[in-house]
Amino acid sequence: MRSREACEALDAADPLAAVRDRFVLPDGEIYLDGNSLGVLGRSVAPRMAQVIEEEWGKGLIRSWNEAGWYSATRRVGATIARLIGAAADEVIVADSTSVNLFKVLMAALRLRPDRRKVLVAEGDFPTDLYIADGVARLMGVTFATFDPQMPEDAFDDQTAAVVLTEVNYKSGRIYDMAQITAAAHARGALAIFDLSHSAGVMEVALNKGQADFAIGCTYKYLNGGPGAPAYIFAASRHHAAMENPITGWFGHADPFRFSGDFAPATGMARMLSGTPPTLSLLALEEALKVFDGVDLAAVRAKSIGLTDLFIRLSDEVLTPLGFALASPRDAAVRGSQVSLTHEHGYAIMQALIARGITGDFRAPDIVRFGFVPLYVRYVDVFDCVMAMRDIMQTRAWDTDAFRTRKAVT
Ligand SMILES: *Cc1c(COP(=O)(O)O)cnc(C)c1O
C-alpha cells in the first residue's frame with residue numbers, strides 16, 4: 001500500500017499544485033464533491049464586492065453598456081468554448097442546464113421535422129430524461145432510452161435526436177462522443193451532449209467529434225457557484241436554421257427596437273430568452289479565471305492519478321470492509337469521480353462529512369467522490385480512505401443521526 005509520505009511526494013511533484021491557491025478552502029477541509037458544487041475561487045468575492053458596490057451600486061443601468069453586462073453571455077460563452085473544443089462564437093451562457101436541454105431538443109426536432117423519436121441514454125441524469133419526455137409529449141413524438149454501449153441498435157430513420165451525458169453522473173463512465181455522433185449521423189439523427197460532468201476536468205472535443213448541440217452546467221467543475229447559469233453549444237453549421245422555442249426579447253435580432261414581431265438574432269444570441277442572472281453570470285466569469293494558463297491535458301493526467309490512487313487504496317482497505325467499486329477500473333473510460341457501493345452508504349457518508357471530508361450519496365447505495373485536480377491533493381485521497389476505514393472499524397456511522405436523510409444528499 002502507498003504510504004502517506006509517498007502521497008506527499010506526489011503532491012510535491014504535481015505541476016498543478018500551485019493552482020490550489022487560487023481557491024478558498026476552509027482549513028482542514030477535504031473536499032471531494034466538486035462534481036456537485038465547485039469550490040469558491042479566491043478572486044470571486046472581491047470581484048463581486050466590486051460588481052455590487054461599483055457596477056450596480058454606482059453605475060446602475062449604465063453598467064449594461066459601460067461595465068459590459070450586456071455582452072457577458074457571449075464573452076463568458078467564449079471562455080467556456082476553449083474548455084469544450086468549440087469555437088468562441090458557438091457557445092453562449094443562458095438559463096439552467098434543464099432549460100437549455102429543452103431548447104436544443106426542440107431546435108433539433110424542428111431541424112428533423114419528419115422524424116418521430118427522441119432518445120436519451122439509459123441511466124442518464126433524471127432531469128435529462130424528464131426534459132426529453134416533456135418535449136416528446138409537447139411535440140407528439142416518442143421518447144425512449146438507448147443503451148450507450150450499443151447505440152447502433154437503437155438509432156433508426158425515425159430518430160430525430162439522441163441525448164447523452166459524456167460522463168455518467170453515477171458511475172463516472174466516459175462515453176465516446178465521436179462514436180455516438182457518428183452512429184447518430186449515420187441514421188440522419190442529431191447528437192446532443194450534456195457536458196455537466198466532463199467540462200473543466202478533461203479535454204472535451206465537441207467539434208472534433210462533430211457534435212451538433214451541447215449543454216452543461218457551470219456550478220460543478222467550472223466552480224461558478226450555486227445556481228450559476230448554464231451554457232449552450234451549437235455547431236456553426238446549425239446557426240442559420242436552428243430555432244429557440246423560448247422566443248424572448250434577448251434572442252431577438254434587435255431587442256432595443258422593441259418591435260412587435262419576433263426576428264431571431266444571428267448566431268448563438270438567438271438561443272437567449274430573457275435577461276440573464278447577471279450577478280451569477282459575473283461571478284462565473286471571475287470563477288473561470290482559475291483556468292487561466294491551465295493545460296487541460298495536465299488536468300486530465302492528474303485526474304487519472306487521483307482516481308487510480310483512490311481505487312488502489314480502496315481495493316486494499318475498503319473492499320474487505322464491504323465496499324464495491326461502481327466506476328470503471330479502466331482510466332481511459334473513467335471521468336474524475338469514483339463511486340463505491342455500500343448498503344449503509346448514506347450513514348457512512350454522513351459520518352465522513354462530520355470529520356470534514358465531503359463527498360456525496362446517490363440513491364440507493366452509492367457513495368460518490370469527485371476529484372478535482374485543480375485543488376484536490378494526493379494526501380487528501382489517502383486521508384479519505386483511512387478515515388473511511390476508521391469509520392467502518394469503529395462503527396462510527398451506526399447512529400440514528402447519521403441515518404436520518406437530509407433534503408439534499
Ligand atoms: C448537474 C446536472 C444537471 C443539472 O441541471 P440543472 O438544470 O442545473 O439543475 C443536468 N444534467 C446533468 C447530467 C447533470 O449532471
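## Backbone features in two loops

Gln210 is placed in the loop that connects strand 6 (190–194) with strand 7 (213–216). In this predicted model, Gln210 has a positive phi of about 65°, although the residue is not a glycine.

A second backbone feature concerns a proline. The peptide bond that leads from Ala363 to Pro364 is cis, and its omega is near 5°. Pro364 belongs to the loop between strand 12 and strand 13 (366–370).

## An open sheet of four strands

Four strands form an open sheet with antiparallel pairing, and their order is 9-10-13-12. Strand 9 (324–325) and strand 12 (360–362) are the edge strands, as each of them pairs on one side only.

Strand 9 and strand 10 (residues 337–341) run antiparallel and are joined by two bridges. Which residue of strand 10 is the bridge partner of Leu325? The partner is Leu340.

## The residues around the ligand

The ligand takes up the space of the largest pocket. The shell around the ligand comprises Ser96, Thr97, Ser98, Phe125, Thr127, Asp128, Thr165, Asp194, Ser196, His197, Tyr219 and Lys220. By character, these shell residues divide into seven polar, three charged and two nonpolar.

Two helices contribute to this shell: helix 5 (97–111) and helix 6 (126–139) each supply at least two of its residues.

## Polar contacts and coverage of the ligand

Which atoms of the ligand lie 2.6 Å or 2.8 Å from polar side-chain atoms of Ser98 and His197? In both cases the partner is an oxygen atom of the ligand: the distance is 2.6 Å for a polar side-chain atom of Ser98, and 2.8 Å for a polar side-chain atom of His197. With Asp194, the ligand takes part through a nitrogen atom, which is 2.8 Å from an N or O atom in the side chain of Asp194.

On its own, the ligand has 390 Å² of accessible area, and the protein covers 86% of this area. Ser98, Asp194 and His197 are also among the residues listed around the ligand.

How values were computed:
Residues numbered from 1 in each chain as written. Predicted model: local features only at pLDDT ≥ 70, side-chain atom pairs only at ≥ 80, totals over all residues. Heavy atoms only, no water. Near = heavy atom within 4 Å. Polar contact = N/O pair within 3.5 Å; in protein donor to acceptor, adjacent residues only side chain to side chain. Areas by Shrake-Rupley, 256 points an atom, 1.4 Å probe, with all protein chains shown as cover. 1 Å grid on protein atoms, 1.4 Å probe; cavity = no way out; pocket = protein on both sides within 12 Å on 5 of 7 lines; lining within 4 Å. Sits in = over half its atoms within 2 Å of the grid points. Nonpolar A, V, L, I, M, F, W, Y, C, P; charged D, E, K, R; others polar. Pairing = 2+ DSSP bridges.
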